[in-house]
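Student: I am new to this structure and would like to look closely at one part of it, a pocket and the residues around it. Could you take me there step by step, beginning with the whole chain?

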Amino acid sequence: MHLLVVLEDRISDWTAKGEILEGYFNPDAAFETITVLSLIADQPDPNALARLCAPAHCLHISAAIDRRYLALSTLGLRYGLLSRSMRALKARLDVDAPQVIRGYGDGLGAIAASILADQTGIPFVVSLHTTPDPLIQSRYLGFRDRIWRQLAKSSLSRALQNADGIIAVYSSI
């Protein structure tokens, strides 16, 4: 089976923080192939990527999306306009389409996974890794991150409603 993991994080940042866990994207070795789609520019260490996907064969695609341009061109991350702007991502998957899509986190990864699922008919799940807490977010998120989350709120809500499943992964690494 082939899994597509869609994330807004940089795996290279995870490597720098020592957050690379064996088989993290492949619990119980359920998948033979895993494609990791990094929405923002990233060139992760191939060994780190292999460990995250172990024992599956792994592929990496860096979409290198500019968040500022995306927000402006979609009039504040509106779902319909995001869907149009992400058609190029679908074209990259047509060669070897996955059987399942996993949107990682409560942000653009979940939204992009939902859009790809809409466009392809492939089932998708969202894995949430934090418990939303507006007080903590207001205290620790920077101004840009708070604006980004506010813009994404409506599209994220739609993505979560459309998900075939939601996985709550609240314990820390």
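How many helices and strands are there in the protein chain, and which residues line the second largest pocket?

Tutor: Before we begin, please keep in mind that this is a predicted model, in which local features need pLDDT of at least 70 and side-chain atom pairs count only at pLDDT 80 or more, while totals for chains, interfaces and linings use all residues. Residues are numbered from 1 along each chain as its sequence is written, and side-chain values use heavy atoms, with hydrogens and water left out.

The protein chain has 8 helices and 6 strands, where helices (H or I, at least four residues) and strands (E, at least two) are DSSP runs numbered from the N terminus. Followed along the sequence, they give the pattern β-α-β-α-β-α-α-α-β-α-β-α-α-β. The chain is as compact as a globular protein of 173 residues, because its radius of gyration is 15 Å, close to the 16 Å that the globule rule gives for that length; the radius is taken over C-alpha atoms, and the rule is 2.2 Å times the number of residues to the power 0.38. Along its principal axes, the C-alpha trace spans about 40 × 35 × 30 Å. Of the 173 residues, 44% count as buried, a word that stands for under 20% relative accessible area, with exposed for over 50% and partly exposed for what lies in between (1.4 Å probe, protein chains only).

Now to the pocket itself. The second largest pocket holds about 330 Å³ of space. A pocket here is found on a 1 Å grid over the protein atoms alone, as an open set of points with protein on both sides within 12 Å along at least five of seven lines, whereas a cavity is a set of points where a 1.4 Å probe fits but cannot get out; lining residues have an atom within 4 Å of a point. Its lining is made of Asp66, Arg67, Arg68, Ala71, Arg144, Asp145, Ile147, Trp148 and Leu151. Helices α3 and α8 are the elements that give two or more residues to this lining, and α8 gives the most, with 5 residues. By class, the lining has 4 nonpolar, no polar and 5 charged residues, where Ala, Val, Leu, Ile, Met, Phe, Trp, Tyr, Cys and Pro count as nonpolar, Asp, Glu, Lys and Arg as charged, and the others, Gly among them, as polar.

Two neighbours in this lining deserve a closer look. Arg68 sits in helix α3, which covers residues 67-73, and Arg68 counts as exposed because its relative accessible area is 66%. Although Arg68 and Trp148 are 80 residues apart along the chain, their C-alpha atoms are separated by 9.1 Å. Arg67, by contrast, is partly exposed, at 26% relative accessibility. The side chain of Arg67 meets that of Glu8 in a salt bridge, with 2.6 Å from N to O; a salt bridge means a side-chain nitrogen of Lys or Arg within 4 Å of a carboxyl oxygen of Asp or Glu. Because Arg67 lies in helix α3 and Glu8 in the loop between β1 (2-7) and α1, this pair ties together parts that are 59 residues apart in sequence. Glu8 itself is buried, at 13% relative accessibility.

Helix α8 also leads to the largest pocket, which holds about 1500 Å³ of space. That pocket is lined by 40 residues, of which Asp9, Asp106, Thr130, Leu141 and Arg149 lie nearest its centre. Helix α8 (143-162) is one of the elements that give two or more residues to the lining of the largest pocket, and its 8 residues are the largest share. The side chains of Asp106 and Arg149 meet in a salt bridge at 3.2 Å, N to O, which links the loop between β4 (100-104) and α6 with helix α8, across 43 residues. Arg149 is partly exposed, at 31% relative accessibility. Salt bridges that share partners also join Glu8, Arg67 and Asp145 into one network, and Arg67 and Asp145 are among the residues that line the second largest pocket.

Definitions and conventions. Points joined across faces, edges and corners; volume = space filled by probe spheres on them.
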